[in-house]
Amino acid sequence: MKRVAIISYGMTKVDKHWDKSLRRLFGEAALMAMNKVNIPKIDAIIVSNMCASDLSDQNNIGTIVADELGLTPITAYRVEAACGSGGAALLTGFSLVSSGMFEVVMVGGVEKLTDNIGKMATFSLGKAADAEYELFYGATFASLNALLMNRYMHVYGTPREAFADFAVLMHRNGSKNPYAQLPFEINREIALNSEFIADPIRLYDCAPIGDGAAVVILCPLEVASKYSDSFVEIMGIAGASDTINLGSRDDLLSLRATITAANNAYKMARITPADVDIVEIHDTFTITAAISLEDLGFCERGKFDKLLNEGAFEPGGIVAVNPSGGLKSRGHPVGATGVYQAAEITMQLLEEAGKMQVPNSEIGLTHNMGGVGSNVYVSIMRRAR
Amino acid sequence: MSVPRYWREMPYRIRLEARKCKLCNYVNYPPRTKCYKCGASEFEKYYLPQRGILLSFSIIRNPPTGFEKTTPYVIGLVELEDGTKLLTQITDVDIDEIKIGMELEQTFRRISEDGDSGIIQYGIKFRPKYLKF
Ligand SMILES: [Zn+2]
């Protein structure tokens, strides 16, 4: 297996991009990535997307974006794993480069959630859950996560305020991110008094709905310096799945797919959680942040509120969590989110993150999740020189 | 929802039929081709218990299409007497009185409707346990 580098990245601001189509949005992120480095060729594009078939009446997204970039006839296709699509695309791109099948692979994610109105976007996003045994009963995606949150507070006695405080931290981080959809600060009261989405989940526990595209370019580590002066190595990467239905899970307080993917990625990278300086985790809801930090090995079970209070998830703490603002503030263009995370970690490790920069970061981790932890991808990057 | 899609799940959604693994006794619900716990593919038909307790719940105030008439409603994860867990609606209860750990029993109900001329979908909901057995 060849070692794999990320030699460039690009992204658009996450926003309601009324004036840009799916393909134009992808083009913008791809152009940024291609202009940063001296790349004579792209051999393949792996694109991640969840909702275009529902919201933009479009399948065959690989062809759409290859055509937009004038790159036909290269190999180009889409990978779908709900909100975990971006992580799945990164794993696919990694495997294609690592195996020697292709040399330079563009991995990109794109999502246009605002191309449809009313309930359609919520309906499309809900399809990450089990249509016959969850959605059939009127469950929504937020309500399934609410089951986790209610159980978590019941078992650990965690105060409701802790979840609001995590949203406050995410907004503080995101206020420094020029690509964030909601780049403003909030306070605990705003979060606690926002409207109910699915009790106990309120608006400020949720990621917003927005459009965005992000791209990273991969090649074998051994040739990376040919194309770019600065790059990162993907030291470890893994995916895992869990039962589609929450009823089949042993408990609601941990998401097994995160544990499995993280353990395999740590093993491949030959590191432990203690070696990680920064993470971009999949905080679709504040409760998924709490559980994910525990499952990734950054927090003792049920101690999320205590560690959050102590500043453990800020620079200088145990690990700097979501310097981008995470899904909460940067936004969650679902199929693209995993690629945003990879681009953001690359940006941090290359010390190109401007006001968001977490100083002296050597090792970063991304955690991208589809469904309620039913499909998870973890990757670990290290600054390469 | 098309009629065949609704109809073929009826044994599992209305009679709560499950597949009990002949090798390890794990109850696979909803049914699978291979056992979740041991991977075996020999099962016997098994009916889920009718009572259980509430493990967690959420209240839905912005419903998906087809659920408008009963909003707000409660979604719950129920642990049945044999340990099998099932996600469905909790009904016949004041939203303020619903509690994790409360005892529940099954009841046959209308779940949703596909507009004015579509099919009406039925299934099992759970309600607070009234009768003592
Ligand atoms: Zn078995």
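## A walk across the interfaces

Start between the two chains: 18 residue pairs, both at pLDDT 80 or more, are in polar contact between chain B and chain A. Keep in mind as you click around that this is a predicted model.

**Stop 1: the chain B side.** Select helix 1 (3–7), helix 2 (10–13), strand 4 (51–60), strand 5 (73–80), strand 6 (85–90) and strand 8 (120–128) of chain B; each of these supplies at least two residues of the side that touches chain A. Which element gives the largest share of that side? Strand 4 of chain B does, with 6 residues. Colour the chain B side by residue type and you should get 22 nonpolar, 8 polar and 9 charged residues.

**Stop 2: both chains together.** Now show the contact from both sides: 39 residues of chain B meet 32 residues of chain A. The area buried between the two chains is about 3,000 Å², and carbon and sulfur atoms give 54% of that. There are also 5 salt bridges between chain B and chain A. For a salt bridge to look at, pick R13(B) and E132(A), whose side chains meet at 3.2 Å, N to O.

**Stop 3: a strand pairing between chains.** Stay with strand 4 of chain B and add strand 5 of chain A, residues 196–199. The two strands pair in the antiparallel sense, over 2 bridges. Which residue of strand 4 of chain B is the bridge partner of D199(A)? Select I59(B) and you have it.

**Stop 4: inside chain B.** Hide chain A for a moment and give chain B two colours: domain 1 covers 1–48 and domain 2 covers 49–133 in the domain assignment. Their centres, taken over C-alpha atoms, are separated by 20 Å. Domain 1 of chain B puts 12 residues into the contact and domain 2 of chain B puts in 15 residues. Between them they bury about 1,100 Å², with 64% from carbon and sulfur atoms.

How many salt bridges cross the interface of these two domains of chain B? The rule finds 0. Polar contacts do turn up there, in 3 residue pairs with both residues at pLDDT 80 or more. To see the domain 1 side, select helix 1 and strand 3 (43–47) of chain B, the elements that give two or more residues to it. By type, that side of domain 1 has 10 nonpolar residues, 1 polar and 1 charged.

**Stop 5: inside chain A.** Bring chain A back and colour its domains, each made of two segments: 4–117 + 210–232 for domain 1, and 127–207 + 233–383 for domain 2. The C-alpha centres of these domains of chain A lie 22 Å apart. In the contact you will find 47 residues from domain 1 of chain A and 42 residues from domain 2 of chain A. The buried area here is about 3,300 Å², 71% of it on carbon and sulfur atoms.

The count between the domains of chain A is 1 salt bridge. Zoom in on D54(A) and K127(A), where the side chains meet in a salt bridge of 3.0 Å, N to O. The domains of chain A also have 13 residue pairs in polar contact, both residues at pLDDT 80 or more.

Finish on the domain 1 side, where the elements giving two or more residues include strand 1 (4–11), helix 1 (22–36) and helix 4 (85–98) of chain A. Highlight helix 4 of chain A in particular, as it gives the most to this side, with 7 residues. One last colouring by type splits that side of domain 1 of chain A into 27 nonpolar, 13 polar and 7 charged residues.

Note on methods
Residues numbered from 1 in each chain as written. Chains lettered and ligands numbered in written order. Predicted model: local features only at pLDDT ≥ 70, side-chain atom pairs only at ≥ 80, totals over all residues. Heavy atoms only, no water. Contact = heavy atoms within 4.5 Å. Buried area = accessible area lost by both parts, 1.4 Å probe. Salt bridge = Lys/Arg side-chain N within 4 Å of Asp/Glu carboxyl O. Polar contact = N/O pair within 3.5 Å; in protein donor to acceptor, adjacent residues only side chain to side chain. Helix = DSSP H or I, 4+ residues; strand = E, 2+ residues; numbered from the N terminus. Nonpolar A, V, L, I, M, F, W, Y, C, P; charged D, E, K, R; others polar. Pairing = 2+ DSSP bridges. Domains from an automatic or database assignment.
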